[in-house]
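User: I should like to examine the reasoning behind the terms used for this model. Please set each value against its definition.

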Amino acid sequence: MKRLAKGEAEEGATKAMDSPKGLAQSSSESSSQHELGSPVMPEPSSPFGHKSGYRSHLYAAKASDLMKSNNLDSSPTQTLLNVANSVLNESIERKNGEIPQIQNIKMVEKKKAEEQDLVKLTSEIEAKNHTISVLTKEKEDKDHIISLLKKEKELQDHIISVLKKEKEDKDHIISVLKKEKEDKDHMVSIAAKDKEEKEHLILKLKQEFESMKNSCMKQCQESESDAKETKLQLDNRIKELEILLADSRRKIEELELYSKSKSQTWNEKESTFLNSISFQQQVVQDLRVASKSIKQSIINTQLKWSDEVTGIGKQLKVLVNAAENYHAVLAENKKLFNEVQELKGNIRVYCRIRPFLPGENLKATIVDYIGDNGELLVANPSKQVKDKPRSFKFNKIFGPAASQAQVYLDIQPFIRSVLDGFNVCIFAYGQTGSGKTYTMSGPNPPSEEEWGVNYRALNDLFNISQSRKGVNLYEVGVQMVEIYNEQVRDLLSNEASQKRYPFMHFFLFASLSNGLAVPDANMLPVKSTSDVLELMQIGFANRAVGATALNSRSSRSHSVVTVHVRNEDLKTGSASQGSLHLIDLAGSERADRSEATGDRLKEAQHINKSLSALGDVIFALSQKSAHVPYRNSKLTQLLQRSLGGQAKTLMFVQVNPDVLSFSESLSTLKFAERVSGVELGAAKSSKEGKDVSDLIEQVASLKDTIARKDDEIEQLQQAKDTGNQSPGTSNGRKLGSITLQHSSSFPGKLSSSGSQKSLGGMVKRASRVSLDTDSYSECGEGLSESSSHNSLDELNQQFDTDFSGNGEAESDEKIDTATDKM
Ligand SMILES: Nc1ncnc2c1ncn2[C@@H]1O[C@H](COP(=O)(O)OP(=O)(O)OP(=O)(O)O)[C@@H](O)[C@H]1O
């Protein structure tokens, strides 16, 4: 072994010397030996370096040491290789330096021997390598076994943990079982206790049972004795009952006998009943026959009656036809009557009864009856002994329920005749608060539904003029004046109306201004209903209004809205002019009832005076007097054309139905009755041919000028008599007082050719209006206290002096008497 190791080392060293590959191999082996943990040896440097000699010596020494120690088997491969190398190097060095050329053959042989040693060494090394690889594999196997063991250990750990858990579960189950056992023990103890109690109870029950048994026995004995007693009693009772049974059997026999006799009687009665039923059936049959005959006779009678009814129906139809004819005839009569009136020129009187206002006594109405044909019955309901109702007849009566539209419908033809050149005058007359303003204008401000005659009339005129646009040319102008304290005032003279209607427009209507009743008042053109509404609002705002005890917003003046319509026929060139006066008179009132004092009293006196003058004129007209006193008041002067001319005049007589106003209402109605009798003569249209109207226009213009001159002279005369005129105001407003046109100068016809002349006249008039401004209060000064009481009553009294009385009572009735005699 020693030798083999020595030989191998030598062989290895030789091999390494022969082939560098062998060296490399041995170096790689040495590195692998490093890895196996062999002692690290200093790596030899190149065998040809300067240190190599020294190292060769070292290795040779080491190799000899190794060989000497005979420990080659246990030396590592690297060491062996190193040793071999060193030996080789040493031998080479030796050979290079010391051995001469001659000894080369020996050296080669030696070298061969060394190579063989090296081969041996190499095979040893391979064998060692093989051993190492086997060992490595073994080690891997061991590692694998170790890992398997580890796994097994883990498995065992897991099994141990599972077993531990199982053990815990078992412990838990054991504890639960223990608890259960405890519980059971407890239950057993309870059951034992219960058992004891029950045993005790059973004992007790047994005792009770014993006692019960004893008592039952006792009771049984008692019951037996009772039963015996009862049995005895029952036996006795049975005996008694048997006796009773025998008795009842006997009685049954008796009853049977009795019932037999009774049934015999019933049978007899039944036969009698059946007899009577058959008799009654007979009677019923007789009755049926009789009813049939009665029915027949009824049917006959019905037929007869229906024949009679149809006969009556026919007669009724005839009557209805007759009635219809009668109504037609009546309407025809009415129409004829109207025509006659138109021909005669009677003033039409329409009576309107105001509805009760809130706060008035609804039951105490003075109106007894309103007929279809204008009949009206009034009576005083407050009198103890009722008078015979006083009857009146007018052209038309509008009851309290009549609407504004219904009222207008009846006067529409009247108003439309203005477009054909007629002059129409509509005035409302009546006591304060009787509804004059409501009828003429409506409430303030009015809704379209409540429009009074003024608005509806103008609206209607516009509508018609629009519909006749291509055929006729219409110009419409409006004047609004009021007569306040006997002064005529222009209601459209203030700034607002002037601004809205500049003077230039006014010239277009110059042709209308001739022959005006109030030529000084502004006449403003209107082209639409909205113009009219605006103007009216201005006018009404300027009107004198004040509160009295009888009406919270009483008109203190007579208002006159005049609508002038000039119509030119576009085909023929003929022209006509119509005018419509819409007059809302101030309310007639008794000074005592209105409780007026101071200014109000003065206003009332003037109102009553002018109404009295109106009465005078009506009276004169009804009497067909030669002289009619138009000039007694501004009102009559203004109405002169309508009352005395060829105008169509209509008066609304307004009545307050309240019993408190009975006397005033009665005198109003009497006055209206008189008015309805006034004949004015047939109304005439102003329609004329063009030439004629031109001439008439010129004449009218001249007459107008003369009349104005007369007026001026008269005014100057008056001014001279009364001294300087003093300015006055009313309700804090300043309005122009203006003069009225004398009636004689009114021509009633105009033509456009006259416009140039009248233009100058108008400008003059306009300046005169400004001169006379604020002079309206003069009239009041001339009135004496006595003359200021010249109310409607006094007017009636005046009539009374001319006509004999009819025996009515004093005071209130005095008025009635006077009016009756008018
Ligand atoms: N037909 C009517 N329907 C409803 N209310 C009416 C009617 N007539 C009058 N009235 C109401 O009665 C009140 C008095 O009416 P209005 O002022 O018209 O009387 P008047 O006769 O003009 O009075 P005055 O002469 O004092 O001015 C008003 O409140 C008015 O609205």
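Analyst: Two strands are said to pair if DSSP finds at least two bridges between them. The model under discussion is predicted. In strand 3, Leu376 is the bridge partner of Ile370.

User: What makes strand 2 and strand 3 a pair?

Analyst: At least two bridges are required. Strand 2 and strand 3 (residues 375–378) are joined over three bridges, in the antiparallel sense, and therefore they count as paired.

User: Why are strand 2 and strand 4 called edge strands?

Analyst: The open sheet has three strands in the order 2-3-4, with antiparallel pairing. Strand 2 (367–370) and strand 4 (390–393) each pair on one side only. Direction ignored, neighbouring strands of this sheet are turned by 20 degrees against each other on average.

User: Why is Ala672 said to be in contact with Val349?

Analyst: Contact requires C-beta atoms, placed from the backbone, to lie within 7 Å. Ala672 is in contact with Val349, so their C-beta atoms lie within that cut-off. Leaving aside neighbours within four places in sequence, the contacts of Ala672 also include Cys351, Phe394, Tyr429, Met651 and Val653.

User: What makes Ala672 a buried residue of the largest nonpolar core?

Analyst: Members of a nonpolar core are buried by definition, and being buried takes 20 or more other C-beta atoms within 10 Å. Ala672 belongs to the largest nonpolar core, of 85 residues, and therefore meets that threshold. Ala672 is among the residues that touch the most other members, as are Val349, Cys351, Met651 and Val653. Helix 13 (residues 598–622) gives the most to this core, with nine residues.

Definitions and conventions. Residues numbered from 1 in each chain as written. Predicted model: local features only at pLDDT ≥ 70, side-chain atom pairs only at ≥ 80, totals over all residues. Core = buried A, V, L, I, M, F, W, Y, C linked by C-beta atoms within 7 Å. Buried ≥ 20, exposed ≤ 12 C-beta atoms within 10 Å, placed from the backbone. Helix = DSSP H or I, 4+ residues; strand = E, 2+ residues; numbered from the N terminus. Contact = placed C-beta atoms within 7 Å. Axes fitted to C-alpha atoms, helices over the stretch in contact; angles between N-to-C directions.
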